[in-house]
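Okay, thanks for coming, everyone. I'll put the sequence and the model up on the screen, and then we'll walk through it together.

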Amino acid sequence: MAFDSTQQALRAEMLLEYADIENDMCPTPKEITAGCALSLEFPEDALVTVKEIIRDERVEIRGIFSKKENRYVMIEL
């Protein structure tokens, strides 16, 4: 998940941790254009819950991406 601001990235990290969703803060891959250098990785099986949290808490994201065949594809905006 990529963000346009560090504040939103840190907020999302806190919300996912509160929901007991494993996540890792990492540098945003250069292939993903975003306004923030931080992204969050989380397990694919948590996608539905993550989307609910992001929507319900109104976290501003650049998008949710998946790595397929060595490139990143947006799966959710």
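Let's begin with contacts. If you take the contacts between residues at least 6 apart in sequence, 53% of them join residues at least 24 apart. Keep in mind that this is a predicted model.

So, what's in the fold? You're looking at 2 helices and 4 strands. Go along the sequence and the pattern reads α-β-β-α-β-β.

Now the overall dimensions. The C-alpha trace spans about 30 × 25 × 20 Å along its principal axes. For 77 residues, a compact globule would have a radius of gyration near 11 Å, and this protein has 11 Å, so the two agree. Of those 77 residues, 36% are buried. As for the outside, the accessible surface comes to about 5,300 Å², and carbon and sulfur atoms account for 46% of that.

A quick word on charge. There are 9 positive and 16 negative charges here, and the mean positions of the two sets sit 8 Å apart.

Okay, let's go inside. Which residues touch the most other members of the largest nonpolar core? That core has 17 residues, and the answer is Met1, Phe3 and Val50. Helix H1, residues 6-18, and helix H2, residues 47-56, each supply at least two residues of the core. H1 gives the most, with 4 residues.

Stay with methionine 1 for a moment. Setting aside its neighbours within four places in sequence, what does methionine 1 contact? Its partners are Leu16, Ser39, Leu40, Phe42, Val50, Ile54, Ile61, Gly63 and Ile64. Val50 is on that list, and you'll remember Val50 from the core residues I just named.

Next stop, alanine 9, which is found in helix H1. Buried or exposed? Alanine 9 has a relative accessible area of 0%, so it's buried. Again leaving out neighbours within four places in sequence, alanine 9 is in contact with Phe3, Met25, Cys36, Leu38 and Leu40. Leu40 also turned up among the contacts of methionine 1. And here's a pair to find on the screen: alanine 9 and isoleucine 61 are 52 residues apart along the chain, while their C-alpha atoms are separated by 8.0 Å.

Over to the other helix. Glutamate 52 is in H2. At 37% relative accessibility, glutamate 52 counts as partly exposed, because that category runs between the 20% and 50% cut-offs. Glutamate 52 and isoleucine 75 are 23 residues apart in sequence, and in space they're 15 Å apart, C-alpha to C-alpha.

Last bit: the loop between strand S3, residues 64-68, and strand S4, residues 71-76. Glutamate 69 lies in that loop, and asparagine 70 is there too. What's the backbone doing at glutamate 69? Its phi is near 50 degrees, a positive value in a residue other than glycine. Asparagine 70 has a positive phi as well, about 65 degrees, although it isn't a glycine.

And are these two buried or exposed? Glutamate 69 is at 78% relative accessibility, so it counts as exposed. Asparagine 70 has a relative accessible area of 71%, so that one is exposed too.

To wrap up: alanine 9 is buried, glutamate 52 is partly exposed, and glutamate 69 is exposed. That's my tour, thanks for listening.

Technical notes:
Residues numbered from 1 in each chain as written. Predicted model: local features only at pLDDT ≥ 70, side-chain atom pairs only at ≥ 80, totals over all residues. Heavy atoms only, no water. Core = buried A, V, L, I, M, F, W, Y, C linked by side-chain atoms within 4.5 Å. Buried < 20%, exposed > 50% of the residue type's maximum accessible area, 1.4 Å probe, protein only. Contact = heavy atoms within 4.5 Å. Rg over C-alpha atoms; globule rule 2.2 N^0.38 Å. Areas by Shrake-Rupley, 256 points an atom, 1.4 Å probe, with all protein chains shown as cover. Lys, Arg positive; Asp, Glu negative; His and termini not counted. Charge placed at Lys NZ, Arg CZ, Asp CG, Glu CD.
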